[in-house]
Amino acid sequence: MTLQYRIMPDKVTDIATQYGTLDVLQGRIQSIVIEKTKAVLSSHKAMNIIANRAAISPEVEAAVKAAVDDNYYVSVEAVVLTNIDFSDSFEKAVEEKMVAEQAKLKADYDNETKLAKAKADAEVKLLNIMFMFIPNPHTLIPYSLSYSRS
């Protein structure tokens, strides 16, 4: 994450009095930024965070600005989510889920294909049986085999 802020020039003495050094101020701001970022991100599903980082970034910026701006004598200029990294086990779980979903789609497609072939084979067998027992196949009444899946 990138945080850009500007120190309010008229508050430099207040910063020196309250924090002593800019490093202390920066440490406090960093803690608040991490806390607010986690709060915003925790309200979203991980997959949405990955897919919609650009849309979530303004939410994080608003939360950080509300918590930091006047309270720490700075003006937050920008907050940008640059790299959201998940644990290896989480990334592996996401990948496994995607592979499983693809396998299910393939299995569904294969089952539909087998069902269509079985239906066509059954119709051919039925017609062959009918032709065996009917002396004049030209007098056949049209017949349709229907199948409905529940």
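In what order do the elements of the protein run from the N terminus on? They run β-α-α-α-α-β-α. The model described here is a predicted one. It holds five helices and two strands.

**Overall picture**

The protein has 150 residues, of which 19% count as buried. It exposes about 11200 Å², and carbon and sulfur atoms supply 57% of that area. Among the contacts between residues at least 6 apart in sequence, 65% join residues that are at least 24 apart.

**The two strands**

Strand β1 covers residues 2–7, and six bridges join it to β2. The two strands run antiparallel. One of the pairings places L3 opposite V79, its bridge partner in β2.

Strand β2 covers residues 74–80. Five of its seven residues are buried, so the strand is largely enclosed by the rest of the structure.

In a regular strand the side chains alternate between the two faces of the sheet.

R6 lies in strand β1. With a relative accessible area of 47%, R6 is partly exposed, because the cut-off for exposed is over 50%. Apart from neighbours within four places in sequence, R6 is in contact with V74, S75 and E77. With E77 there is also a polar contact, in which the two side chains are joined at 3.2 Å. R6 and A78 are 72 residues apart along the chain, and their C-alpha atoms are separated by 10.0 Å.

**The loop before β2**

Y73 is placed in the loop between α4 and β2. Its relative accessibility is 16%, so Y73 counts as buried. Y73 is not a glycine, yet it has a positive phi of about 60°. Most residues other than glycine have a negative phi.

**Helix α4 and its link to β2**

Helix α4 covers residues 53–68 and includes S57. Is S57 buried or exposed? S57 is buried, with a relative accessible area of 10%. Leaving aside neighbours within four places in sequence, the residues in contact with S57 are V79, V80 and L81. The side chain of S57 also reaches the backbone nitrogen of L81, at 3.3 Å. V79, one of the contacts of S57, is the residue of β2 that pairs with L3.

**Salt bridges**

How many salt bridges does the structure hold? There are seven. Side chains of opposite charge can pair when their charged atoms come close. The table gives three of the salt bridges, with the distance from N to O.

| Side chains | Distance, N to O |
|---|---|
| D14 and K11 | 4.0 Å |
| E61 and K65 | 3.2 Å |
| K104 and D108 | 3.0 Å |

In the D14 and K11 pair, D14 is partly exposed at a relative accessible area of 32%. K11 is partly exposed as well, with a value of 27%.

E61 and K65 both belong to helix α4 and sit four residues apart, about one turn of the helix. K65 is partly exposed, with a relative accessible area of 29%.

K104 and D108 both lie in helix α5, which covers residues 88–133. They too are four residues apart, about one turn of the helix. Which of the classes, exposed or partly exposed, does K104 fall into? K104 is exposed, with a relative accessible area of 52%. Its partner D108 is partly exposed, at 34%.

**A nonpolar patch**

Which residues form a nonpolar patch on the surface? The patch is made of M47, I50 and M98, and together they have about 290 Å² of accessible area. M47 lies in helix α3, which covers residues 46–51. At 39% relative accessibility, M47 counts as partly exposed.

**In brief**

The antiparallel strands β1 and β2 are joined by six bridges, and β2 is largely enclosed by the rest of the structure. S57 of helix α4 is in contact with V79 and V80, among others. At the surface there is a nonpolar patch of M47, I50 and M98, and the structure holds seven salt bridges.

Terms used. Residues are numbered from 1 along each chain as its sequence is written. This is a predicted model: local features need pLDDT of at least 70, side-chain atom pairs count only at pLDDT 80 or more; totals for chains, interfaces and linings use all residues. Side-chain values use heavy atoms; hydrogens and water are left out. Buried means under 20% relative accessible area, exposed over 50%, partly exposed in between (1.4 Å probe, protein chains only). Contact means heavy atoms within 4.5 Å. Accessible areas come from the Shrake-Rupley method with a 1.4 Å probe; for residues, only the protein chains shown count as cover. Two strands pair if DSSP finds at least two bridges between them. Patches are made of residues with over 30% relative accessible area and no salt bridge: like charges are joined within 9 Å, nonpolar side chains (Val, Leu, Ile, Met, Phe, Trp, Tyr) within 5 Å. A polar contact is a pair of N or O atoms within 3.5 Å; within protein, one must be able to donate a hydrogen and the other to accept it, and residues adjacent in sequence count only if both atoms are side-chain atoms.
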